[in-house]
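Hi,

Here is the structure I promised to pass on. Have a look at it first, and my notes follow underneath.

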Amino acid sequence: AAHLSSREHDRARVAAKKALERVEGAGLPREEADALLLRARIELSRPGGDVARAELDARESSERYRALGEPDRAWRAEHALALAESRLGRSAEAVERLDRAHRYLERIRSRLAGARRERFLEDPERRELYDDRDRLRRTLPLGTAAIEEPPAGEFARLKDEMRAIERLLEINRTLNSTRDTPKLLRAILNAALELTGAERGVLLLRDGTEVASRESRSTDDDSDGARGAELSRSIARAVMEDGKPLLSTDAEADPELARFESVHDLRVRSVLAVPLRIQDEIVGAFYLDNRLDRKLLTPTHLKLASRLADQAGLALDSARLLSEIDTQRERLERLNRELEHTVAAQREELVSVREELSSSRTSFELRYRFESLVGASIPMQRVYHLIERLAPKKLPVLVTGESGTGKELIARALHAKSERSEGPFFTVNCAALSETLLESELFGYRRGAFTGAERDKPGYFELASGGTLFLDEIGEMGAAMQAKLLRVIEHGEVLPVGGKSTVAVDVRVVAATHRDLVSMIREGGFREDLFYRINVGRIDAPPLRQRRGDIPLLVDHFLTALAEDEGHSKREIEPAALRRLTEHDWPGNVRELQHQILRVSTFARGAVLTQRDFERYGDFERTASAARKTAAGARVESLEELEKRQILRALEEAEGNKTRAAEILGINRATLFRKLKRFDLQT
C-alpha cells in the first residue's frame, strides 16, 4: 500500500468499503474484522489519510479477532492500532499496543519447532512490527513516560490507592482459599462494596444465580428497595451481554443510562458495573451504585473493580474445578465401595466355587482315575457326567469314537460305578473272531456240538451273568450274529451251540465301535433294530486332538505307571518336548501317545525326556501312518507287543549282552530279566 498512487489509494479504499458492505449483516464475523483491518491499513498508508477513522477500524477489528480467538490476525490489528495512536501523539499507548502484538507473535512462534521457528521472523510484515516497536521505544524518555510528578495534593490519593491495592491482594488470598461457591459469591460482592465504598450491589450469573447486598434486597414496605433490585439486575444483564465495564459518576445526566427509566425515578447518583470472565467467557457481572454522592465511584474504583473481577473469575473457576474434583472423588469413593463389596462377594463366591471344584475334582479322581480315565478337559467332563448318569442304570450303552480313544476304559468305568461292580466284566473283540467262533465264544457250546467239543463250555454271556459284557467293534459283526445277539438282548436268554434249551442270563451289554453305524444301516451292513437296542445310552469318546489340554496329564500318568512297573524313579519331561506332544494331532489318539512315551522312555537315557529324545526316538510320522492304517481297519500293535519288540531291538544292539541291553533300555538288570521271562524271551 505504501507504493500506491493517490488514485490507487482511493480505489483500494472504495474496494474495502464495498467488501465491508458485503460481509456486514451476512453473519461472517472474521470477514467483517478482515474488512475493517484492511480499511484501517489503507487509511494509514495514504498520505493525508483519516487517522482517527483508521484508529476506530483497527480497534474494532482487534476486539473482534480477540473474541474469535485469532492471534495470527489480532497482532496485525494491534500493529495498525499502534501506528494510528503514534500518529495521534500517544506514543506510550502505541508502544503498549506493539508490546501486545509482540506477545501474540511470540505465542504463535513458541508453538513452532525447528527451522520453522527460525524462519518465522523472516516475514517482512512481522519484521516491520519489531522495527516499529524498537523505533517507538527509542522516542520515549528514559523511565516511564506516562508517569508525571504528581502535585502535592495527589499524594494522599495515591496513598489511598496503594492501601486499596494492598487490600485487593488480601481479598485475593481470601477468594482463593474459599471453595464453597455461594460463600465465594458473597465474598466477591462484599469485597467490591468494600473497595469502592458503594451503597449497595448485586452480583448476577448467567445461570440465574443472584447475590444482593442487604440494602439491595426488597421488603414488603420498601418499594425503593424492590425497584433498586430490579435496576441492579437490568444493568448487570446489560453489562453481561455487552462485555464492557460501565461507570457513571452522574447517572441521572448520563445518556447511556437513559434507557433505564428507574435511574431517574430512584435518583441514583453513581453507577458502576463490571463483567465477570472465566477464560475469556463472560459468566456474570456485578453492579454497584450510590444514591447520595454523584462522584463517589471514580475511574480508580472502576480499575479496582475490574481487577477484582479478574481475580474473582479465577477464584470461581478454581472453585468450580475443585467442586468437580470433590464430586468425582465422592463418586470414585462410592464406586470403590461398591467395587469392594462386589469383590468381596465375588471372593466369597470364588472360594465357594473353588471348594466345589476341589470337591468335584476329588470326587472325579476317586471315581475314575483308578479306571485309568485321565483328563480334566470339557469333553472329558461330559464323558464323566454321562458315566455318572448311566452307570446306575441297566440300560445297554453304545460307546463310539476313533480307535485309541479309550472306549474300553469307559466301559470299565460304567461297570465299576454300577450296582454290578462286584460282578464279572468280560471283553470280546468282535473283529478278531470269525462268525462261527464268535457265536461259540458268546453263547457257549455243548459237548459234541462240533469236532473238538469234548465238554460243555459256557459262553461269555453266561460267564458275565450278574455283571457286564463289553462287545468291542460290534460294527464288524456279521448279519447272522447280529440277529442272534438281538434275540439275547431282547429276551435275556442264550442258546448254546449244539444245545436244545436256552439259558437265562442277566448281563448288561456295553457295545463299542469306531464305525458310523447309521451309514452302515443305510447301506444294509447293520441291523437297524439291533442299533436301537444297543443305542439306548450313548457316550462319544472324544479324540485326543479335541482335548489337547489333557496331554500333560496323560504324559504324567504314563510316566508314573512306567516308573512303578520298572521299579525306578519317575522321569520328567522338559517343557519344549511337552509342547511338541501337545501340538501333534495324534491320529492314533491316547494309544498312540502311550506308545510314544513308552518308546522314547525305553531308548532315552536321561532323567528328563527332551525334545531331542522325541525327535530321535519318537518317529511321529511312522506312528501317524500306523494310526491312519488303524483308522482304515488295520490291526494295532498292542502295548505288550511294542515293549517286546523294543527289548529285542535293545538285545540286538547290545549283541546279546543283557547288562548292556538293560542300560540301553534305562532299566535295571533284574527288571530286564523279569520282562524276558514274562515275554518268554529267555535264551
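Let me start with isoleucine 667, which touches Glu566, His568, Ala662, Leu672 and Lys675, leaving aside residues up to four places away in sequence. Bear in mind throughout that this is a predicted model. Isoleucine 667 sits in the loop between helix 26 (658-665) and helix 27 (669-678). Is this residue buried or exposed? With a relative accessible area of 10%, isoleucine 667 falls under the 20% cut-off, so it counts as buried. Glycine 567 lies 100 residues from isoleucine 667 in sequence, yet their C-alpha atoms are 8.1 Å apart in space.

Next, the sheet. It is open, has 5 strands in the order 7-10-13-6-14, and pairs them in parallel. Which strands stand at the edges? They are strand 7 (425-429) and strand 14 (537-540); each has a single partner strand, so one side of each has no neighbour in the sheet. From one strand to the next, the twist averages 20°. Strand 7 runs parallel to strand 10 (residues 468-472), and 5 bridges join the two. Within that pair, phenylalanine 426 is opposite leucine 469 of strand 10. Helix 13 (residues 378-390) packs on the sheet, where it touches strand 6 (397-400), strand 13 (508-513) and strand 14. The direction of helix 13 makes about 160° with that of strand 14.

There is also a helix pair to look at. Helix 4 (residues 71-87) and helix 7 (residues 124-139) have axes that come within 11 Å and cross at roughly 35°, and the crossing is left-handed. From helix 4, the residues in the contact are Trp75, Arg76, His79, Leu83 and Ser86. On the helix 7 side they meet Glu125, Arg126, Glu128, Leu129, Asp132, Arg135 and Leu136. By type, the residues of this contact come to 4 nonpolar, 2 polar and 6 charged.

Two single helices to finish. Helix 5 (residues 91-110) has 20 residues and reaches 28 Å between its first and last C-alpha, close to the 28 Å expected at 1.5 Å a residue. Among the buried residues of helix 5 are Arg97, Asp99, His102 and Arg109, along with Leu98, Leu105 and Ile108. In helix 22 (residues 589-603), 13 of the 15 residues are buried, so this helix is largely enclosed by the rest of the structure. Its end C-alpha atoms are 22 Å apart, which agrees with the 21 Å that 15 residues should span at 1.5 Å a residue.

Cheers

Technical notes. Residues are numbered from 1 along each chain as its sequence is written. This is a predicted model: local features need pLDDT of at least 70, side-chain atom pairs count only at pLDDT 80 or more; totals for chains, interfaces and linings use all residues. Side-chain values use heavy atoms; hydrogens and water are left out. Axes are lines fitted to C-alpha atoms, for helices over the stretch in contact, and angles run from 0 to 180 degrees between N-to-C directions. Helices (H or I, at least four residues) and strands (E, at least two) are DSSP runs, numbered from the N terminus. A crossing is left-handed if the near helix is turned anticlockwise from the far one by less than a right angle, and right-handed if clockwise. Contact means heavy atoms within 4.5 Å. Ala, Val, Leu, Ile, Met, Phe, Trp, Tyr, Cys and Pro count as nonpolar, Asp, Glu, Lys and Arg as charged, and the others, Gly among them, as polar. The expected span of a helix is 1.5 Å times one less than its number of residues. Buried means under 20% relative accessible area, exposed over 50%, partly exposed in between (1.4 Å probe, protein chains only). Two strands pair if DSSP finds at least two bridges between them.
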